[in-house]
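Please open the structure in your viewer and keep the selection tool at hand. The stops below are given in the order in which they may be selected.

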Amino acid sequence: MTSSVAPPSVVAELMAGLRADLRAADFTVDGIAALLGPVANAALGREQMLPADLATRDTEAALPTLVRLFALGKTVAAQTVSAAVPSTGGIEGLCRLGLVRVEGEEVVATCDLRPHGDETHLWWVSSDLSEISTQAPLAPDHVLGIGGASTTLAGWTPRPTVATALDLGTGCGVQALHLAPHAGSVVATDLSERALAFARFNAALNDVDLDLRPGSLFDPVAGQRFELVVSNPPFVITPRVAEMPLFEYRDGGLAGDALVEAVARSIGQHLQPGGIGQFLGNWEVAAGADWRDRVRAWFDGSGLDVWVVQRDVQDPAQYAELWARDGGHLPGTPGFERMYAAWLADFAARGVDSIGFGVVTVQRPATQRDTWVELVEESGPVAAPMGPAILAGLRARTWLAEHGDQGALSTAWRCAEDVTEERHSLPGAQDPSVIVVRQGAGLRRAVRVDTVMAAFVSVCDGELTAGQALGAIAALLERPVDEVRAGALPVIRELVADGFLIR
Ligand SMILES: C[S@@+](CC[C@H](N)C(=O)[O-])C[C@H]1O[C@@H](n2cnc3c(N)ncnc32)[C@H](O)[C@@H]1O
């Protein structure tokens, strides 16, 4: 079964008018938040429509009309809709664009359309209506709107100015829209022609140029290299059995985590020297195994720097519950139970004990040097957006790889402004038993330090080189300087890599 509703079409002479109407109505992230108020707006974010429905029922103004039509999937009086989009040519224009269907005196949206923004940009993004709007199961070729994974990836993406960028598995085009302001050109690919139609419409609506290409994985960009590659691939591990519905948006059709492995193994061939790649993924962890070994092996011989941050771990049952619900199946229904059992059997067949989720960032070195590989677990809250910290982290790690311990020792480090120190003592004790340095930004890490490193961090004001500071601390503590240096250097490297210490 494929979707019976056609995606919207680009009608060149109507795109600017629609943009103008959406802007004039203040159909923006902030405009909708102000209209709905915090409770209804937060509920809408959780896909609970009722509070927003109640808040927009008794008014015919343009903004509530557009919210009811496109975000809530409600039928709205044709006359009211026409008045909300004068520059698009009213209902007739919306019909030509394939955004609505007329039912007698009323109009109903044929797709979801919502504002989406970051700190400095505003876009409008169309996608298929959710199952809450349609009250029907999702079609296999459903084109997903902006979900949690989309915003995670957009938030974590490092955003240097680049000449060329690639969004693999673009869906409605959300990552490509985020890339466009800082990339000279953006190629966006998808296996699904339907997804590409939405991406084409969204590009035109936002007046953004995208090079859209159909095809699987990296096939559409064979032989091509980019400065930045991002992908929110269809990473959901899905049992390959008949009772599982296939959703193109989340399931790459391979067994286990093979699709994520394929992205990992190929991405390096499409990165320029100095180029950065980033993707989200799930990975399977067998009983007794360490997730790091599995993910690290995907990059063996790749010649890439690799930085993996595992953000979450689920057991097979938690994973099955999450993804059975995501497909619109409720606990207790026969469909839910069948899928749940299929997931448990699939994981058991491969001896999978847990499933990791994380953000993978890779870089092709621009110079001849050793690569670095770092796989960490950070499940707590992080800075939003994380992209700037990822970019700073890549640069710091690259600097360390290029300059080594000698470079670290001859640099006068400064402690970053977001770093604080905590000292914990046993009641009545004179000296602290635990000293922790904590960062307020980036990964918001806390690192336990010894007295040498606590003293070192406290003198990092950009005056003394690390070598000079460690020499003075060693003299003060009456300890051999070599021993103090050897103990401190790995921690200095760690603090530099994660932005506690900056140049
Ligand atoms: C999770 S969605 C991501 C959509 C969007 N990039 C985002 O961040 O929200 C994954 C996308 O990958 C596409 N896809 C599925 N299999 C693919 C394949 N083998 N090659 C390329 N894209 C694929 C799906 O059609 C879907 O649009």
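**Stop 1: Helix α8 and its cover**

The cover over the buried residues of α8 includes α9 (174-179), β9 (226-231), β10 (271-286), β11 (305-314), β12 and α15 (387-409). The model on display is a predicted one. Select helix α8 itself, residues 148-156, and colour its buried residues: Ser-150, Leu-153, Ala-154, Gly-155 and Trp-156.

**Stop 2: Three residues in β11, β12 and α13**

From the cover of α8, move to strand β12, residues 352-363, and select Ser-354, which lies in this strand. Is Ser-354 buried or exposed? Its relative accessibility is 16%, and because the cut-off for buried is under 20%, Ser-354 counts as buried. Display its surroundings next: beyond the residues up to four places away in sequence, Ser-354 touches Trp-283, Glu-284, Val-285, Val-313, Gln-314 and Asp-315.

Now select Asp-312, a residue of strand β11. Asp-312 has a relative accessible area of 38% and is therefore partly exposed, a class that lies between the limits of 20% and 50%. With neighbours within four places in sequence left aside, the residues in contact with Asp-312 are Ile-355, Gly-356 and Phe-357. For a distance check, pick the C-alpha atoms of Asp-312 and Asn-206: they are separated by 34 Å, and the two residues are 106 residues apart along the chain.

Continue to Pro-316, which is placed in helix α13, residues 316-326. Pro-316 counts as buried because its relative accessibility is 14%. Which residues does Pro-316 touch, not counting those up to four places away in sequence? They are Leu-344, Phe-347, Val-352, Asp-353 and Ile-355. A second distance check leads towards a later stop: Pro-316 and Arg-448 lie 33 Å apart, C-alpha to C-alpha, and 132 residues apart in sequence.

**Stop 3: The sheet β15-β16-β17**

Select the three strands that form an open sheet in the order β15-β16-β17, with antiparallel pairing. The edge strands, each pairing on one side only, are β15 (419-424) and β17. From one strand to the next, the twist averages 25°.

Begin with β15 and β16, which run antiparallel and are joined by six bridges. To locate one point in this pairing, select Thr-420, whose bridge partner in β16 is Arg-438.

Then turn to the other pair. Strand β16, residues 434-439, pairs with β17 in the antiparallel sense over four bridges. Here Ile-435 has Val-449 of β17 as its bridge partner. The two strands β16 and β17 form a hairpin, with six residues between them. In the turn, select Gly-442, which has a positive phi of about 55°.

Finally, isolate strand β17, residues 446-449, and view both faces. In a regular strand, side chains alternate between the two faces of the sheet. Which residues of β17 are on the covered face? Val-447 and Val-449 form that face, whereas Ala-446 and Arg-448 are on the uncovered one.

**Stop 4: Helices α16 and α17**

Select helix α16 (residues 451-458) and helix α17 (residues 466-477), which pack at an angle of about 130° with their axes 10 Å apart. That angle makes α16 oblique to α17. The crossing of α16 past α17 is right-handed. Show side chains for the contact: α16 contributes Val-452, Ala-455 and Phe-456, and α17 contributes Ala-466, Ala-469, Leu-470, Ile-473 and Leu-477. In this contact of α16 with α17, eight residues are nonpolar, none is polar and none is charged.

**Stop 5: Helices α1 and α10**

Another helix pair can now be selected: α1 (residues 12-24) and α10 (residues 193-205), whose axes come within 9 Å and cross at roughly 70°. That crossing makes α1 roughly perpendicular to α10. Display Met-15, Leu-18, Arg-19 and Leu-22 of α1, which meet Phe-201, Ala-204 and Leu-205 of α10. The residues of this contact of α1 with α10 comprise six nonpolar, no polar and one charged.

**Stop 6: The hairpin β4-β5**

The tour ends at strand β4 (residues 112-117) and strand β5 (residues 122-127), which run antiparallel and are joined by six bridges. Select Arg-114 to find its bridge partner in β5, Val-125. Four residues carry the hairpin from β4 to β5.

Methods
Residues are numbered from 1 along each chain as its sequence is written. This is a predicted model: local features need pLDDT of at least 70, side-chain atom pairs count only at pLDDT 80 or more; totals for chains, interfaces and linings use all residues. Side-chain values use heavy atoms; hydrogens and water are left out. Buried means under 20% relative accessible area, exposed over 50%, partly exposed in between (1.4 Å probe, protein chains only). Two strands pair if DSSP finds at least two bridges between them. Axes are lines fitted to C-alpha atoms, for helices over the stretch in contact, and angles run from 0 to 180 degrees between N-to-C directions. Angles under 35 degrees count as roughly parallel, over 145 as roughly antiparallel, 65 to 115 as roughly perpendicular and the rest as oblique. A crossing is left-handed if the near helix is turned anticlockwise from the far one by less than a right angle, and right-handed if clockwise. Contact means heavy atoms within 4.5 Å. Ala, Val, Leu, Ile, Met, Phe, Trp, Tyr, Cys and Pro count as nonpolar, Asp, Glu, Lys and Arg as charged, and the others, Gly among them, as polar.
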